[in-house]
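Biologist: Before we discuss any contacts, could you put the sequence and the structure up, and then fix the terms that the discussion will rest on?

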Number of protein chains: 2
Amino acid sequence: MTSTASGVEPGEIELGAVLSALADPHRRRVIRDLVNDADGSERSCTSFGLDLSKSTRSHHFKVLREAGLVHQVDRGNRSGVTLRRGDLDRRFPGLLALIGSQSSD
Amino acid sequence: MTSTASGVEPGEIELGAVLSALADPHRRRVIRDLVNDADGSERSCTSFGLDLSKSTRSHHFKVLREAGLVHQVDRGNRSGVTLRRGDLDRRFPGLLALIGSQSSD
DNA sequence: ACCAAGGTTCTACTTGCATCGTACCTCAAC
DNA sequence: GTTGAGGTACGATGCAAGTAGAACCTTGGT
């Protein structure tokens, strides 16, 4: 029903949760791709080419969502994942640029 | 014997390891304190007020060392911990500033 | 010479986390 | 309306990580 879906408040984003989320290579790859996408672009969970079972993939997006890194819009069929660029740049300036600039490690 | 003690090469510092290291609150606190210290200042492991057993404390400094975040000089009695500010700023610009600016979360 | 304090290593325990399979839901397409 | 694909939730499992205690080493201070 196009709800905003379980994300923390902009002011509640915690550095520990963000760093834990970004410590995982798969999740970091998702964020890197989103950073380098056009601003506000919406992608589905499967579009990142993660080589994982779909339950594991869903889990990782839940972590990203609960850490406050992405918004996820329920479109019934698929789900629209967007980077919370504004909130993140405001709270952790330079972080997204850093993630986006890394080649793959 | 004042050896340089098990640190990765400047070019070998990996973002994943750094983020994993910083995901832990205790380790993040150590780095935050070091960032806000005078440049190149050397501190002992106990000087950070970590409420942990000394074996656990030693473990955390090993993680920081192996991730490339700190150098540790063996002075026999105590140990001199220093932040690898130059290497880190060069490789991950903005990261240390980010950690240093966080109050405590 | 002794003792206390700072560190490291080893071992062990416990918790957390990544992973997957299954079941279930929603919608788009045929 | 049935099927298939995208997602979520739950339960189970296996490995990684945080924690601490004990034994040991080194050195500064008494």
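Modeller: A salt bridge is counted here when a side-chain nitrogen of Lys or Arg lies within 4 Å of a carboxyl oxygen of Asp or Glu. This is a predicted model, in which local features need pLDDT of at least 70 and side-chain atom pairs count only at pLDDT 80 or more, whereas totals for chains, interfaces and linings use all residues. Residues are numbered from 1 along each chain as its sequence is written, chains are lettered from A and ligands numbered from 1 in the order in which they are written, and side-chain values use heavy atoms, with hydrogens and water left out.

Biologist: How many salt bridges does the rule find across the interface of chain A and chain B?

Modeller: The area buried between the two chains (the accessible area, with a 1.4 Å probe, that two parts lose on being put together, summed over both) is about 1300 Å², and carbon and sulfur atoms give 70% of that area. Residue pairs in polar contact, with both residues at pLDDT 80 or more, number 0 across this interface; such a contact is a pair of N or O atoms within 3.5 Å, where within protein one must be able to donate a hydrogen and the other to accept it, and residues adjacent in sequence count only if both atoms are side-chain atoms. For salt bridges between chain A and chain B, the number found is likewise 0.

Biologist: Which element gives the most residues to the side of chain A that touches chain B?

Modeller: With contact meaning heavy atoms within 4.5 Å, the interface takes 15 residues from chain A and 15 residues from chain B. On the side of chain A, the elements giving two or more residues are α1 (15–23) and α5 (95–101), where helices (H or I, at least four residues) and strands (E, at least two) are DSSP runs numbered from the N terminus. The element that gives the most, with 6 residues, is α1(A).

Biologist: As what kind of axis are the two copies related?

Modeller: Superposed by least squares on the C-alpha atoms of residues with pLDDT of at least 70 in both, chain A can be laid on chain B with an RMSD of 0.1 Å, by a turn of 179 degrees and a shift of 0.1 Å along the axis. The two copies are thus related as by a two-fold rotation axis.

Biologist: Which residues come nearest to DNA strand C?

Modeller: A residue is near a strand if one of its heavy atoms lies within 4 Å of it, and the surface near DNA strand C has 2 nonpolar, 15 polar and 5 charged residues; Ala, Val, Leu, Ile, Met, Phe, Trp, Tyr, Cys and Pro count as nonpolar, Asp, Glu, Lys and Arg as charged, and the others, Gly among them, as polar. A polar side-chain atom of A:Arg27 lies 2.8 Å from a phosphate oxygen of this strand, and one of B:Ser58 also lies 2.8 Å from a phosphate oxygen. Of the 22 residues around DNA strand C, those that come nearest are A:Arg27, A:His60, B:Cys45, B:Lys54 and B:Ser58.

Biologist: What share of the atoms of DNA strand D within 4 Å of the protein belongs to sugar or phosphate?

Modeller: A phosphate oxygen of DNA strand D is 2.8 Å from a side-chain N or O atom of A:Ser58. Backbone N or O atoms of A:Thr46 and B:Ser53 lie 3.4 Å and 3.1 Å, respectively, from a phosphate oxygen of DNA strand D. Bases make up the rest of the strand atoms within 4 Å of the protein, and the share belonging to sugar or phosphate is 56%.
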